[in-house]
Amino acid sequence: MRNKKITIALAGNPNSGKSTIFNNLTGAHQHVGNYPGVTVEKKEGKASFKDYEINVVDLPGTYSLSAYSEDEIVARDFIIKEKPDLIVHIVDSSNLERNLYLATQFMELEIPLVLAMNMSDIAEKKGQDMDYTKLSELLGVAIVPTIGNKNIGTKELLETITKVYEGKIKTKTAHISYGPEIREEMDKLEKIVKKDKALVDQYPWRWLIVKMLENDSSVLDIVGKSSIAQEAISQNEKSRHHLHLHFGDIPETIIAGRRYGFISDVCTEALKPSIKKRHDLSDRIDKVILNRILGIPIFVLVMYAIFKFTFTFSEPVVGWLEKFFEWLSEIAATYIPEGLFQSFVVDGLIGGVGGVLGFFPLVLFMFFAIAFFEDSGYMARAAFVMDKLMSKFGLHGKSFLPMMISTNGCAVPGIMATRTLENKKDRLITMMVTPFMICGAKLPIFALFIGAFFPAKYGANIMFLMYVLSVVIAFASAWLLKKFVFKGETAHFVMELPPYRIPTLKGLLLKMWERGWMYIRKAGTIILLLSIIIWAGFTFPQNTSLEEKGMSEEETAAVQLEQSYAGKAGKIIEPLVRPIGLDGRSGIALIAGIAAKEVVVSTLGTIYSLGEVDPEEPESLREKMQADHSWNPLKAVAFLIFCLIYLPCIAATAVFYRESGSQIKWLLFLIFWTTVLAWGSSFIVYQGGRLLGFGG
Amino acid sequence: MEKILSELKPKESGEVKRIYGEGTLHRRLLDMGIIKGTTIEVIKVAPLGDPIDIKVKGYHLSLRKEEAAQIAVEVR
């Protein structure tokens, strides 16, 4: 009987091997969600041990419990508000001092703490000889050495967790001595804070007063709402002022200094003296990877490798899926009588599901490749190498990858790749500019128009110019967003370069699956729903009288399209697209392009009464359009520029919505931004071109 | 001699004297172990000239020069 249920929080620095320990503890019994309102992932899993069912919550990796980033706030709020039964802090033993800094903050929270000294093998190799009993005594917490990637110490960790919970291992957490001056001020605050019983019942008092002295904004908010608000805040200001005068420095500096001082004393006592190795392997690898000359070529090579891996390996799988859905459509077409219901099943339902699943292999393969470079430690280097260039435009070194995945590839995995960015502002800007790249689905549109309206010898040059334009628009737009939308939100670049490590296959596969499943669950449903809505827009209202008039099937389709809701919408927007040289028919094609960009081509095919045109082989359509004198090269360029910039397809838009934290305001902003930018650019090109006498 | 961290060349090192400014950057630097008395060694400069890679408390940390300019160190 598993009758005892407990909840533990797994905490630790980034790169401490926390997810490996989480995987060891919970096996495949885990699920990923999001904390409400933020983009931070919430991972939970179940571990069974003896008669315990242990709910393990994997907190985001943090260096501290200050309110510096979304991650830190989420981790802190979980511990303070949900009050887990126990905190397991995963410590990277080979990077002891900075990792224990977080531990000193947990020690103030009055929640039982267990330290898992992870990567103890690497620490030993580095020549570190640790006396765990001594360390445990000095800190007053239970300690278990673990080696996550070899699954060593997992059982012992579970054993210790239950024993600490049952009180069989008794510990008395050490309190850091902040020195007499700070202690004196803490005493004053303690007296005031303890007057509010409800406050200290909800929050550990020691933590409250230390954080107050550290000028922590969210703790000051909490205290500011309590019954002792005025007294506490004014005493805190006095105390901070006094300490500032006394030390000649702000109190947070002194407090952090005392914490590190405490850790350094503990380490001196618990570590046996040993010979320190001079150079480790990581430093030697960095000599090449971060080399002045080789650094950037290596970066480009790695990014290209991720791109190549994603698209080369997913291609056959995408092909099988396409075949499968074609087969399914054929079956449906055979067994369901021709008519509206058949169209709904084949074009709406099967087409929609196929559309969702079509991206799935891409997302999976890409996340596998990204996870490999993340877990190995390269991604931080990528940011390091590219930061100077990217930060000029309000982007981050890691923003390069999403844009690269999108170019000739797909914006859906591209937007998802922004998960490698930690800072919210960097993520949002990157997500907004990624869809401007020329994705694989936009290529047929370019091929059709360039082929139809420009001599073959210029074709490659014009295409190249379009690529350049896409990059210019993406960077300019990032710069504008940084300047005007996210102004004042400075993101500091203080980033650890973790040691290189060999990723574990299990870890990579779990990460890949987790993020892939997130796509299906979160974005998949929206994409399906929207594809059905778009199908309905092009199908209704039905006009059954057409065939009787003796029109061919293709002509019927053309008339039907024009009379559908989408067709009427195309007519309505005609006055809007006139200034950029387009007419209602282009309007319809552009609306259809929101479903998926390559649909622009097949819709033009229907409009020109050619029936379904294969976007890959549009010869017949090209000839028709050449013969149509309402087109000219200038209009074609205006159309292409519009296609380049305007709203991403529904799949990318849905993924954007989910990845930006499901906030309507960012979705509306994306729609507004891309539409205005597309229209403005096309307008300038078309009207400017006319003034210069092009396109008569 | 007191210098600003961003002025240090690779292989030079110094002891942290002071961190200028207040707010989140200051806090972040403290959290990462950049506190008075700690030794910092500049390891590398990125290929494009910024950011820099420093070693502090036995691990590698990268900072933009702009951020490193907030840190005063005593060079021996």
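In this predicted model, B:P51 sits in the loop that links β3 (39-45) and β4 (52-56) of chain B. The peptide bond leading into B:P51 from B:D50 is cis, and its omega is near -5 degrees. Chain A offers a cis bond as well, between A:F540 and A:P541, where omega is about -10 degrees. A:P541 belongs to the loop between α22 (505-539) and α23 (553-563) of chain A.

Backbone angles also draw attention to two lysines. B:K57, found in the loop between β4 and β5 (59-63) of chain B, is not a glycine, yet its phi is positive, at about 50 degrees. B:K57 has 21 C-beta neighbours inside 10 Å and therefore counts as buried, given that 20 or more are needed. A:K50 is placed in the loop between β3 (41-49) and β4 (52-58) of chain A, and its phi is near 50 degrees, again a positive value in a residue other than glycine. Is A:K50 buried or exposed? With 9 C-beta neighbours inside 10 Å, A:K50 counts as exposed, the limit being 12 or fewer.

Another residue to look at is A:M117, in strand β6 (residues 113-118) of chain A. A:M117 is buried, as 24 other C-beta atoms lie within 10 Å. Beyond its neighbours within four places in sequence, A:M117 touches A:V91, A:S93, A:Y132, A:I143, A:V144, A:P145 and A:T146. From A:M117 to A:S391 the separation is 274 residues in sequence and 36 Å in space, C-alpha to C-alpha.

On a broader scale, chain A is divided into domain 1 (4-166) and domain 2 (180-272). The C-alpha centres of these two domains of chain A are 25 Å apart, and each domain brings 19 residues to the contact. Which elements give two or more residues to the domain 1 side? They are α3 (96-106), β7 (129-130) and α5 (132-139) of chain A, with α3(A) giving the most, 5 residues. The domain 1 side of this contact is made up of 10 nonpolar, 3 polar and 6 charged residues.

Finally, two helices of chain A, α14 (residues 295-335) and α16 (residues 378-391), pack with their axes 10 Å apart and at an angle of about 125 degrees. The two helices are therefore oblique to each other, and their crossing is left-handed. A:G295, A:I296, A:F299 and A:V302 of α14(A) meet A:Y378, A:A382, A:V385 and A:M386 of α16(A). Among these contact residues, 7 are nonpolar, 1 is polar and none is charged.

Note on methods:
Residues are numbered from 1 along each chain as its sequence is written. Chains are lettered from A and ligands numbered from 1 in the order in which they are written. This is a predicted model: local features need pLDDT of at least 70, side-chain atom pairs count only at pLDDT 80 or more; totals for chains, interfaces and linings use all residues. Axes are lines fitted to C-alpha atoms, for helices over the stretch in contact, and angles run from 0 to 180 degrees between N-to-C directions. Helices (H or I, at least four residues) and strands (E, at least two) are DSSP runs, numbered from the N terminus. Angles under 35 degrees count as roughly parallel, over 145 as roughly antiparallel, 65 to 115 as roughly perpendicular and the rest as oblique. A crossing is left-handed if the near helix is turned anticlockwise from the far one by less than a right angle, and right-handed if clockwise. Two residues are in contact if their C-beta atoms, placed from the backbone, lie within 7 Å. Ala, Val, Leu, Ile, Met, Phe, Trp, Tyr, Cys and Pro count as nonpolar, Asp, Glu, Lys and Arg as charged, and the others, Gly among them, as polar. Domain bounds come from an automatic or database domain assignment.
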